[in-house]
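Q: I'm new to this one. Can you walk me through a few spots?
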Amino acid sequence: HGTLHSGVGYTAPRVVPHEEDLRRAADVLNAGNKVALLVGAGALHANDEVIAVADRLGAGAAKALLGKAALPDDLPWVTGSIGLLGTKPSWELMTGCDTLLMVGSGFPYSEFLPKEGQARGVQIDIQPNMLSIRYPMEVNLVGDAGETLRALLPLLKTKPDGSWRNTIAKSTADWWQTLEARAKASADPVNPQRVVWELSSRVPDRAIITSDSGSCANWYARDLRVRRGMMGSLSGGLASMGAAVPYAIAAKFAHPDRPVIALVGDGAMQMNNMAELITIAKYWHEWADPTCVVCVFNNEDLNQVTWEQRVMQGDPKFKASQELPNVPYHSFAELIGLKGVYIDHPDALGPAWDEALAAGRPVVLNVKTDPNVPPLPPHITFEQARQFAASMLKGDPDRGGVLLGTAKEVLSTLLPGRT
């Protein structure tokens with residue numbers, strides 16, 4: 001009495017829906033002509049199954065932020081992230097589909113899903129309480145993502161018409177060109193999008209990338225191309241600041257042989273991530289692969305909130321709460337035995353990433369980024385445009401830079417290479 005015991009040898013159960021429910025789901029999916037998938041963290045271990053089902057259905061697939069590594073971005077029908085931090089092809093995928101298959105995702109922003117009545121829906125989730133809370137699904141399947149998709153696949157029919165998927169692929173290819181143009185647009189001094197764009201082609205195999213909450217999460221969500229075998233995470237549920245470096249440290253202890261990269265805003269860096277560099281300095285000698293790069297987006301601004309105030313509330317930037325001191329993060333890294341690199345010119349970004357990833361020790365990249373580059377949503381509503389205009393008319397202290405940065409973002413989409 002009054003004692004607690006533990007044992008070993010637990011094996012997770014095989015959770016698969018009833019056969020009749022699988023058949024009902026297959027009937028819905030087979031009837032659709034424009035099928036869209038939305039995958040989340042629950043599908044991270046089901047890459048092959050998701051690809052097989054998507055191929056059978058001729059579907060496109062969008063990814064919730066925590067499911068970014070569930071599908072590689074080199075597949076032409078993978079539209080990338082969804083939501084405010086998402087892509088235009090993901091928006092078009094959801095607004096154009098007639099059938100939605102959601103797998104392992106609790107993506108909460110229903111305004112980025114099909115309108116009610118537009119699409120028939122099937123959802124797969126291991127947690128029953130997550131079913132149909134984001135979209136009114138016709139068939140709800142309680143089950144493990146991989147097991148359920150494997151059981152569902154034999155019941156699905158191949159779509160003979162590939163026009164829907166071809167449309168998705170063209171939109172996605174155009175979008176990657178748009179992102180490149182935006183990343184290479186000039187800024188003062190460094191365009192934050194280019195930081196991640198330059199990283200993307202250099203990420204080592206099997207790397208783990210973490211991101212903090214803030215404007216850096218926009219560029220993690222959009223500009224980073226995930227390949228098979230990579231992992232990535234951020235505070236996707238609560239959007240808590242200060243997660244990137246602790247997540248990176250956890251990743252190195254869980255996978256000491258894998259390269260790890262943390263993307264951090266300067267607000268989160270000053271909150272707690274800077275102190276966690278001391279933890280890295282203490283333990284990095286124990287890691288089989290010492291590659292651990294902390295990239296700081298140093299724009300001297302709590303940037304995500306600044307933009308939210310402009311676009312959601314129509315308020316100009318409030319300097320007293322938003323401005324941050326300029327801290328030499330690279331110098332602090334050197335003080336505690338790590339390597340520090342300072343970048344204030346866009347042409348230095350590529351060589352800096354190469355140097356950091358080959359350094360043989362943890363590195364802090366301190367990049368002076370432009371706070372006036374807007375994290376444009378994939379679809380700008382009239383209300384967002386109205387509030388942004390209001391914030392400018394009220395006398396935003398950075399109005400000139402903000403209007404110039406916004407113009408460059410728009411023009412880089414229309415006239416690539418001219419900004």
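A: Sure. Keep in mind that this is a predicted model. Start with Arg 225, which lies over the face of Trp 176, 3.9 Å from the ring centre.

Q: Which other charged end sits over a ring?
A: That of Arg 310. The ring belongs to Trp 307, and the charged end is 4.7 Å from the ring's centre.

Q: OK, aromatic pairs now. How many does the count come to?
A: The count comes to five aromatic pairs. One of them joins Trp 176 and Trp 197. Their centres are 6.5 Å apart, with 45° between the planes, and the pair is tilted.

Q: Where do those two sit in the chain?
A: Trp 176 is in helix H5, residues 163-183. Trp 197 is in helix H6, residues 192-200. They are 21 residues apart, and the pair links distant parts of the chain.

Q: Is Trp 176 buried or exposed?
A: Trp 176 is buried, because its relative accessibility is 10% and the cut-off for buried is under 20%.

Q: And Trp 197, buried or exposed?
A: Buried too. Trp 197 has 14% relative accessibility.

Q: What kind of pair do Phe 253 and Tyr 283 make?
A: An edge-to-face pair, because their planes are at 75° and anything over 60 degrees counts as edge-to-face. The ring centres are 5.2 Å apart.

Q: Which helices hold them?
A: Phe 253 is in helix H8, residues 244-254. Tyr 283 is in helix H9, residues 266-283. This pair also links distant parts of the chain, with the two positions 30 residues apart.

Q: How accessible is Phe 253?
A: Phe 253 is partly exposed, at 42% relative accessible area. Tyr 283 is partly exposed as well, at 26%.

Q: Which aromatic cluster does Phe 253 belong to?
A: Phe 253, Tyr 283 and Trp 287 form one aromatic cluster.

Q: Switching to empty space. How many cavities of 30 Å³ or more are there?
A: Two cavities reach 30 Å³ or more. The largest has a volume of about 40 Å³.

Q: What lines the largest cavity?
A: Trp 176 turns up again here, next to Trp 175 in the list. The rest of the lining is Lys 68, Asp 73, Thr 79, Gly 80, Ser 81, Thr 87, Ala 221, Arg 222 and Leu 224.

Q: Which element gives the most to that lining?
A: Strand E3, with three residues. E3 covers 78-81. H5 and helix H7 (216-223) each supply at least two residues as well.

Q: How does the lining of the largest cavity split by class?
A: Four residues are nonpolar, four are polar and three are charged.

Q: What about the second largest cavity, how much space lies in it?
A: About 40 Å³. Its lining consists of Asn 33, Leu 57, Gly 58, Lys 159, Asp 161, Gly 162, Trp 164 and Arg 165. By class, two are nonpolar, three are polar and three are charged.

Q: Now the backbone. Which peptide bond is cis?
A: The bond from Asp 188 to Pro 189 is cis, with omega near -5°. Pro 189 is in the loop between H5 and H6.

Q: Which residue has a positive phi of about 65°?
A: Ser 132, although it is not a glycine. Ser 132 is in the loop between strand E5 (120-125) and strand E6 (139-142). Its relative accessible area is 29%, so Ser 132 is partly exposed.

Q: And what is the phi of Glu 300?
A: The phi of Glu 300 is positive, about 55°, and Glu 300 is not a glycine. Glu 300 is in the loop between strand E10 (292-298) and H10. At 29% relative accessibility, Glu 300 is partly exposed.

Q: Last spot. Where is Pro 316?
A: Pro 316 is in the loop between helix H10 (303-313) and helix H11 (319-322). Pro 316 is partly exposed, with 21% relative accessible area.

Q: What is Pro 316 in contact with, leaving aside its neighbours within four places in sequence?
A: Gln 309, Ser 391, Lys 394, Gly 395, Asp 396 and Pro 397.

Q: How far is Ser 391 along the chain from Pro 316?
A: Ser 391 is 75 residues from Pro 316 along the chain, yet their C-alpha atoms are separated by 4.5 Å.

Definitions and conventions
Residues are numbered from 1 along each chain as its sequence is written. This is a predicted model: local features need pLDDT of at least 70, side-chain atom pairs count only at pLDDT 80 or more; totals for chains, interfaces and linings use all residues. Side-chain values use heavy atoms; hydrogens and water are left out. Helices (H or I, at least four residues) and strands (E, at least two) are DSSP runs, numbered from the N terminus. Buried means under 20% relative accessible area, exposed over 50%, partly exposed in between (1.4 Å probe, protein chains only). Contact means heavy atoms within 4.5 Å. Rings of Phe, Tyr and Trp (its six-membered ring) pair if their centres lie within 6.5 Å; planes under 30 degrees apart count as stacked, over 60 as edge-to-face and the rest as tilted. A charge sits over a ring if NZ of Lys or CZ of Arg is within 6 Å of the ring centre and within 35 degrees of the ring normal. On a 1 Å grid over the protein atoms alone, a cavity is a set of points where a 1.4 Å probe fits but cannot get out, and a pocket is an open set with protein on both sides within 12 Å along at least five of seven lines; lining residues have an atom within 4 Å of a point. Grid points are joined across faces, edges and corners, and a volume is the space filled by probe spheres set on the points. Ala, Val, Leu, Ile, Met, Phe, Trp, Tyr, Cys and Pro count as nonpolar, Asp, Glu, Lys and Arg as charged, and the others, Gly among them, as polar.
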